[in-house]
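Colleague: I should be grateful for a close look at one part of this model, namely the site where the ligand is placed. Please describe the space itself, its lining and the contacts made there.

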Amino acid sequence: MATPTSGFTGRRQNRGANLPPGQYLTDSFPVMSAGPTPHVLLRDWSFQIAAGPGRTHRWSWEELQALPQEDVTTDIHCVTHWSKFGTTWRGVTLDTLFEDVESDAEYTMVHSYGGYTTNVPLDDLLDGKAWLVHEFDGEPLPSAHGGPARLLVPHLYFWKSAKWVSGIRMMDQDLPGFWETNGYNMYGDPWREERYW
Ligand SMILES: Nc1nc2c(c(=O)[nH]1)N[C@H]1C(S)=C(S)[C@@H](COP(=O)(O)O)O[C@H]1N2
Ligand SMILES: [Mo]
């Protein structure tokens, strides 16, 4: 099983090797939002995976909390060139949420409260590569950073980690989300500097 910790410990001596090209390191945590912060009451909150007609999987806040939780320590990389090392989160791996989802679709659109969208290939959400997180640094995730819950896909640029996430829709073809429509890369690998197209 893949470890939820992406190896922060022991790499500190060689910080440069963990910094993707064109990035600089910051200890602060910038807030990057394309619009106003939506506020969702926990009793109204739900997360759904839409795999097709009649195949929608939905979790309430209580149901999410009842699932196995993982602590994740990972580096994050924003397309605006800042990177932050060793961020700590708590949440549910997408592998758990996709366990009972049956679909042949290879692409997904991630949706947020407030209307933000971003496209991510299904493979990039599975096998220990993505989480639905609701804690940062041992505290409930602040709303500015996507609380009550956001997606965390740390191996891609951080715009793929949708804040205030509301659900995932399976797609047969790769369609652009909000930033991708506005010139950002369809995939967004920081190690290949896939910033724009
Ligand atoms: N819903 C939503 N999610 C979003 C964004 C946004 O504007 N709306 N911005 C993205 C971008 S460009 C980045 S870099 C990160 C920023 O997350 P942060 O504000 O916690 O640093 O969130 C991503 N997720
Ligand atoms: Mo970003």
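Modeller: The volume of the largest pocket is about 500 Å³. Please bear in mind that this is a predicted model, and that every value given here is computed from it.

The lining of this largest pocket is made up of 29 residues. Nearest the centre of the pocket lie Met 32, Ser 33, Ala 34, Tyr 116 and Trp 179. Sorted by class, the lining of the largest pocket comprises 19 nonpolar residues, eight polar ones and two charged ones.

It is in this largest pocket that ligand 1 sits. The ligand is surrounded by 19 residues, and the closest of these are Pro 30, Ala 34, His 145, Arg 150 and Lys 163. Ala 34 is thus named both among the residues closest to ligand 1 and among those nearest the centre of the pocket. The shell around ligand 1 consists of 13 nonpolar, four polar and two charged residues.

Three of the closest residues deserve individual mention for their polar atoms. Pro 30 takes part through its backbone, where an N or O atom lies 2.6 Å from an oxygen atom of ligand 1. His 145 uses its side chain, a polar atom of which lies 2.6 Å from an oxygen atom of the ligand. For Arg 150, a side-chain N or O atom is 2.7 Å from an oxygen atom of ligand 1. Ligand 1 taken alone would expose 530 Å², and the protein buries 97% of that area.

One backbone feature may be added on account of its place in the sequence. Gly 147 and Pro 148 are joined by a cis peptide bond, with omega at about 15°. Pro 148 belongs to the loop that runs between strand 9 (139–140) and strand 10 (150–152). The residue range of strand 10 begins at 150, the number of the arginine whose side chain approaches ligand 1 to 2.7 Å.

Notes: Residues are numbered from 1 along each chain as its sequence is written. Chains are lettered from A and ligands numbered from 1 in the order in which they are written. This is a predicted model: local features need pLDDT of at least 70, side-chain atom pairs count only at pLDDT 80 or more; totals for chains, interfaces and linings use all residues. Side-chain values use heavy atoms; hydrogens and water are left out. A residue is near a molecule or strand if one of its heavy atoms lies within 4 Å of it. A polar contact is a pair of N or O atoms within 3.5 Å; within protein, one must be able to donate a hydrogen and the other to accept it, and residues adjacent in sequence count only if both atoms are side-chain atoms. Accessible areas come from the Shrake-Rupley method with a 1.4 Å probe; for residues, only the protein chains shown count as cover. On a 1 Å grid over the protein atoms alone, a cavity is a set of points where a 1.4 Å probe fits but cannot get out, and a pocket is an open set with protein on both sides within 12 Å along at least five of seven lines; lining residues have an atom within 4 Å of a point. A molecule sits in a cavity or pocket if more than half of its atoms lie within 2 Å of its grid points. Ala, Val, Leu, Ile, Met, Phe, Trp, Tyr, Cys and Pro count as nonpolar, Asp, Glu, Lys and Arg as charged, and the others, Gly among them, as polar. Grid points are joined across faces, edges and corners, and a volume is the space filled by probe spheres set on the points. Helices (H or I, at least four residues) and strands (E, at least two) are DSSP runs, numbered from the N terminus.
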